[in-house]
Every structure is written in structure tokens, then in C-alpha cells.
Amino acid sequence: MVPDVALDRSSPVPLYFQVATRLQQQIESGEMPVGGRLENEVELADRLGVSRPTMRRAIAYLVERGMLVRKRGVGTQIVHPKVRRPVELTSLYDDLVKTGQQPRTVIRSLEIKPAPDAIAEALGVPFGTEVTWVERLRYAGDEPLALMHNAVPLDVLPLRRADLEERGLYELLRAAGHVPRMANQVVGARAATAAEARVLGDSRGAPMLTMARTAWDEQGRAVEYGSHLYRASRYSFELTLTS
């Protein structure tokens with residue numbers, strides 16, 4: 001059963017959005033556990049004191065955000081909430097820790113090699129400069145969330161497999177005195193290849209979010225280049241806009 005939802009009927013915020021936001025908070029906090037089912041839509045609307053179209057719209061909003069799923073013969077079921085990441089200069093590891101998502105990292109490869117021309121240009125280093133190139137699979141709990149590639153100049157920070165398995169890259173950079181202060185970031189989307197889908201436990205052609213970032217420390221030195229792939233069904237970028 002859904003806990004009671006307090007609604008402010010004098011607020012300009014639509015009732016459906018108030019209902020959806022409160023339900024989202026309860027799902028993210030675990031108050032409404034993953035795998036649980038919502039009450040009948042009609043009964044739920046009556047109990048919360050809203051119209052059936054309002055309740056239907058609130059549920060549809062959460063279905064679109066990947067927090068609920070409708071199953072024939074089962075009803076509306078609670079599924080894993082998406083990782084909502086604010087667009088700030090933080091690492092995915094930091095954000096998962098902050099929200100209690102229990103990050104886990106599998107290092108798929110780590111090697112020292114000359115930076116490809118495009119990456120050397122992004123880092124602002126001479127072509128052929130040696131970098132540590134690392135490929136990581138990041139989990140949120142037991143579920144694969146992101147496939148991450150990063151290049152870090154050798155003279156910025158020597159990277160070790162054991163450190164990257166236990167700590168986030170930005171945490172390691174901060175500990176080495178290279179605190180990321182500014183970044184150029186491009187967010188996009190595309191379909192997963194068969195190989196990417198297999199690694200991320202998704203279907204071929206599944207929607208993916210992409211992010212490419214170059215970060216600089218307070219001295220203006222490029223400290224890392226990253227190219228990451230996220231499962232769109234489990235991940236979103238969140239922006240707060242003001243005028």
C-alpha cells in the first residue's frame with residue numbers, strides 16, 4: 001500500500017506532479033520497496049483524494065521515468081529507480097556514494113599508451129603523450145550502470161588497478177592535489193552496440209546516454225578525459241535552471 005501523500009491544493013504545482021514527486025521520494029528512500037505493487041489506480045485515487053485522471057497522469061509520469069512498470073496480469077510494479085545525476089563537476093562514484101547506491105567497479109583494462117590525437121588535443125598535450133587508459137564497468141548495487149573510458153596523463157597521476165577498484169577517479173585526483181575545478185562536457189544519446197549491450201546487461205540497440213568530458217584543475221592543467229556510456233533506463237542527467 002502506498003503511504004499517505006500530503007498535497008497542497010493551494011499550490012500552483014499541479015496535483016499529479018505533487019503525487020508523482022512524493023511517490024518518487026518514497027521509492028528512492030526504500031519506503032516503497034522495489035518489487036512491490038501499487039494499489040488499484042481507482043482505489044489509490046479515492047484514498048489520496050484526487051481524480052482518476054490525476055492519478056493516472058502521476059503514474060504515467062513515473063513509468064516514463066523508469067520507476068514504475070505496468071505488467072499485464074500483475075499490475076503496476078515498482079522497479080529500480082533511475083540514478084539521477086545533477087550536472088555538476090563530480091564523478092559518478094561520488095554521486096552514487098552520496099545517494100547510498102553502493103558503487104562497485106570492475107576494471108576491464110588498464111594500460112599505458114600514447115594518447116590518440118583526438119584525446120591529446122582534448123587534454124591540450126603534445127601528440128603521442130603517454131596516458132593511462134582505463135576501461136571500467138560501474139555498478140550501482142548489483143546492476144551494471146555505466147561503461148567508462150578515461151585517459152589520465154602519466155605525470156598527473158599514476159593509476160593502479162587496486163585503487164580504481166576501491167575509489168573513484170576524482171577522489172584519487174583530489175588526494176594527489178589535482179582537484180578538478182572546471183570541465184567541458186558534452187552529453188548525447190545513441191543506441192547500444194551488441195558488445196556494449198552485452199557488457200551492460202541490456203538489449204542490442206537499447207537507448208544509451210553518452211558523456212564526454214575534459215576536466216582541468218585550478219592551475220588550468222587538464223587532469224582527465226572521459227568518455228562514458230550510461231544505460232538510459234537506469235540513468236538521467238538532472239539540471240536546475242534559473243533566470
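This briefing walks through the helices, the sheet, the nonpolar cores and the salt bridges of the structure above. Please keep in mind that the model is predicted. Six of its strands form an open antiparallel sheet, and the largest nonpolar core has 19 residues. The structure also holds 11 salt bridges, several of which are described below.

**Helix 1 and what follows it**

- Helix 1 covers residues 15-29, which makes 15 residues.
- From its first C-alpha to its last, helix 1 reaches 21 Å, close to the 21 Å expected at 1.5 Å a residue.
- The buried residues of helix 1 include the nonpolar Val 19, Ala 20, Leu 23 and Ile 27.
- Tyr 16 and three glutamines, Gln 18, Gln 24 and Gln 26, complete the buried set of helix 1.
- An α-helix has 3.6 residues a turn, so residues three or four places apart point the same way.
- Just after helix 1 comes Gly 30, which takes a positive phi of about 90°.

**The largest nonpolar core**

- Val 19, Leu 23, Leu 48, Met 55 and Leu 68 touch the most other members of this 19-residue core.
- Helix 1, helix 2 (41-48) and helix 3 each supply at least two residues of the core.
- Helix 1 gives the largest share, with five residues.
- Apart from this core lies another one, of 13 residues, with Val 134, Leu 157, Leu 159 and Leu 169 among them.

**Two core residues in detail**

- Met 55 sits in helix 3, which runs over residues 52-64.
- Met 55 counts as buried because its relative accessibility is 0%, under the 20% cut-off.
- Leaving aside residues up to four places away in sequence, Met 55 touches Val 19, Leu 23, Glu 41, Leu 44, Ala 45, Leu 48 and Val 50.
- One of these contacts, Glu 41, is 14 residues from Met 55 along the chain, and the two C-alpha atoms are separated by 6.9 Å.
- With the same sequence neighbours left out, the contacts of Leu 68 include Ile 27, Leu 38, Ile 59, Leu 62 and Val 63.
- Thr 76, Gln 77, Ile 78 and Val 79 are also touched by Leu 68.

**The six-stranded sheet**

- The strands of the sheet follow the order 4-5-6-9-8-7, and their pairing is antiparallel.
- Strand 4 and strand 7 (180-191) are the edge strands, each pairing on one side only.
- On average, neighbouring strands of this sheet are turned by 15° against each other, direction ignored.
- Strand 5 and strand 6 pair in the antiparallel sense over 10 bridges.
- Ala 140 stands opposite Glu 143 in strand 6.
- The loop between strand 5 (130-140) and strand 6 (143-153) holds Asp 142.
- Asp 142 counts as exposed because its relative accessibility is 73%, over the 50% cut-off.
- Asp 142 and Gln 102 are 40 residues apart along the chain, with their C-alpha atoms separated by 8.6 Å.

**Salt bridges**

- The side chains of Arg 47 and Glu 39 meet in a salt bridge at 2.5 Å, N to O.
- In that pair, Arg 47 is partly exposed with a relative accessible area of 30%, whereas Glu 39 is buried at 16%.
- Glu 135 and Arg 108 form another salt bridge, with their closest N and O atoms 2.5 Å apart.
- This second pair links distant parts of the chain, since Glu 135 is in strand 5 and Arg 108 in strand 4 (residues 103-114), 27 residues apart.
- Glu 135 counts as buried at 16% relative accessibility, while Arg 108 is partly exposed at 43% relative accessible area.
- Arg 231 forms a salt bridge with Asp 202, the closest N and O atoms lying 3.2 Å apart.
- Here too distant parts of the chain are linked: Arg 231 is in strand 9 (residues 222-231), and Asp 202 is in the loop between helix 8 (194-200) and strand 8 (207-217), 29 residues apart.
- Arg 231 is buried, with a relative accessible area of 7%, and Asp 202 is partly exposed, with 25%.
- Glu 41, Arg 56 and Arg 70 are joined into one network by salt bridges that share partners.

Technical notes:
Residues are numbered from 1 along each chain as its sequence is written. This is a predicted model: local features need pLDDT of at least 70, side-chain atom pairs count only at pLDDT 80 or more; totals for chains, interfaces and linings use all residues. Side-chain values use heavy atoms; hydrogens and water are left out. Helices (H or I, at least four residues) and strands (E, at least two) are DSSP runs, numbered from the N terminus. The expected span of a helix is 1.5 Å times one less than its number of residues. Buried means under 20% relative accessible area, exposed over 50%, partly exposed in between (1.4 Å probe, protein chains only). Contact means heavy atoms within 4.5 Å. A salt bridge is a side-chain nitrogen of Lys or Arg within 4 Å of a carboxyl oxygen of Asp or Glu. Two strands pair if DSSP finds at least two bridges between them. Axes are lines fitted to C-alpha atoms, for helices over the stretch in contact, and angles run from 0 to 180 degrees between N-to-C directions. A nonpolar core is a set of buried Ala, Val, Leu, Ile, Met, Phe, Trp, Tyr and Cys residues joined through side-chain atoms within 4.5 Å.
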